[in-house]
Amino acid sequence: GLRQIGRIGTLAAMTTIVILGPGSEIVSGQERDRTQTRLEESLPEGAANRIREMSRELAEAGIPPQLIRRKALEGVAKGVPSDRIVTALEAYSGRLQEAKGLLGPEPSGASLAAAAEAVRRGVPPEAIRGLAREQGARQGAGGLAVPLLVLGDLTEAGVPTEPALGAVQEAMRRGAPEQGMMNFSAAVKRRVRQGEDPAAAFEQVRSRATERMRQPPN
């Protein structure tokens, strides 16, 4: 059903970041045409036309339309019925447009995809704006996509927004490695899956991470 393409999860979102990383914002006309051709060959005419229309709407809003085409191909590959693909894509298009409004001018495709995923996971709009402001204050710092995904991970795990946002912003200020940030949220999620209270799990992992940073190097 809709969950087959509505829920992409961290792994798929990270794949999107790799595809749409720095320097890859401009999609070649050849790739665009190839993707559209695959959709037209795989979907009924009405569905393909609706996807083309949504792609045009996103492009006019300054959002890379290839984001929605790739999402459509995910649905096709999973065998999702065409009407459900279109319904899920309309919801995804709405989240992308909401993300565009939250991130400010000229966000990267990877940041938009991650922000749309954060919206789906229930991250409050002001928290997404908070990360965007943090990034704006640190020109030349690391990208915004991984911090957004980590905040989405923590939110989905049940960690309260305020401490989760504070931890991610602190990591951004310290220039923490992206893998380290992902490891942090993974450790919290692991403890929550084992039955620990989300807030308590978060504080335990954060406390241990802080203690490790204070220890002198060997």
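Trainee: Read along the sequence, which pattern does the protein chain follow?

Mentor: This is a predicted model, where local features need pLDDT of at least 70, side-chain atom pairs count only at pLDDT 80 or more, and totals for chains, interfaces and linings use all residues. Residues are numbered from 1 along each chain as its sequence is written, and side-chain values use heavy atoms, with hydrogens and water left out. The protein chain has 12 helices and zero strands, taken as DSSP runs numbered from the N terminus (helices: H or I, at least four residues; strands: E, at least two). Its pattern is therefore α-α-α-α-α-α-α-α-α-α-α-α.

Trainee: What percentage of the residues of the protein chain count as buried?

Mentor: Let's fix the scale: buried means under 20% relative accessible area, exposed over 50%, and partly exposed in between (1.4 Å probe, protein chains only). Of the 218 residues of the protein chain, the buried share is 45%.

Trainee: And what share of the contacts with a separation of 6 or more comes from residues 24 or more positions apart?

Mentor: A contact here means heavy atoms within 4.5 Å. Among contacts in the protein chain with a separation of 6 or more, residues 24 or more positions apart account for 70%.

Trainee: How are α9 and α10 oriented relative to each other, parallel or antiparallel?

Mentor: Start with the geometry: the axes of α9 (residues 145-157) and α10 (residues 161-174) come within 10 Å and cross at roughly 155 degrees. Axes are lines fitted to C-alpha atoms, for helices over the stretch in contact, and angles run from 0 to 180 degrees between N-to-C directions. Angles under 35 degrees count as roughly parallel, over 145 as roughly antiparallel, 65 to 115 as roughly perpendicular and the rest as oblique. So α9 and α10 are roughly antiparallel.

Trainee: How many nonpolar residues are in the contact of α9 with α10?

Mentor: P147, V150, L151 and L154 of α9 meet A164, L165, V168 and M172 of α10. Ala, Val, Leu, Ile, Met, Phe, Trp, Tyr, Cys and Pro count as nonpolar, Asp, Glu, Lys and Arg as charged, and the others, Gly among them, as polar. With no polar and no charged residues in this contact, the nonpolar count is eight.

Trainee: How many charged residues does the contact of α4 with α6 have?

Mentor: Helix α4 (residues 45-60) and helix α6 (residues 82-103) have axes 10 Å apart at an angle of about 5 degrees, and these helices are therefore roughly parallel. A47, R50, I51, M54 and L58 of α4 pack against S82, V86, L89, E90, S93, L96 and Q97 of α6. Besides seven nonpolar and three polar residues, the charged ones number two.

Trainee: E90 is in helix α6; which residues does E90 touch, not counting residues up to four places away in sequence?

Mentor: E90 is partly exposed, with a relative accessible area of 36%. Its C-alpha lies 9.2 Å from that of I68, 22 residues apart in sequence. Beyond four places in sequence, the residues that E90 touches are R50 and M54.

Trainee: Is α6 parallel or oblique to α8?

Mentor: α6 and α8 (residues 125-136) pack with their axes 8 Å apart, at an angle of about 50 degrees. That makes α6, relative to α8, oblique.

Trainee: Which residues of α8 does α6 meet?

Mentor: The residues of this contact divide into five nonpolar, no polar and two charged. From α6 come E98, L102 and L103, and from α8 come P125, I128, R129 and A132.

Trainee: Which residues touch the most other members of the largest nonpolar core?

Mentor: A nonpolar core is a set of buried Ala, Val, Leu, Ile, Met, Phe, Trp, Tyr and Cys residues joined through side-chain atoms within 4.5 Å. Outside four places in sequence, I128 is in contact with L102, L103, A115, A118, V119, V123 and L148. Among the 58 residues of the core, the ones touching the most other members are I128 and L154.

Trainee: Which residues is A99 in contact with, leaving aside neighbours within four places in sequence?

Mentor: A99 is found in helix α6 and counts as buried, at 0% relative accessibility. The C-alpha atoms of A99 and L112 are separated by 5.9 Å, 13 residues apart along the chain. Leaving those neighbours aside, A99 is in contact with L112, A115 and A116.

Trainee: Which residue has a positive phi although it is not a glycine?

Mentor: Look in the loop between α6 and α7 (109-120). The residue there is exposed, with a relative accessible area of 78%. With a phi of about 55 degrees, the residue is E106.
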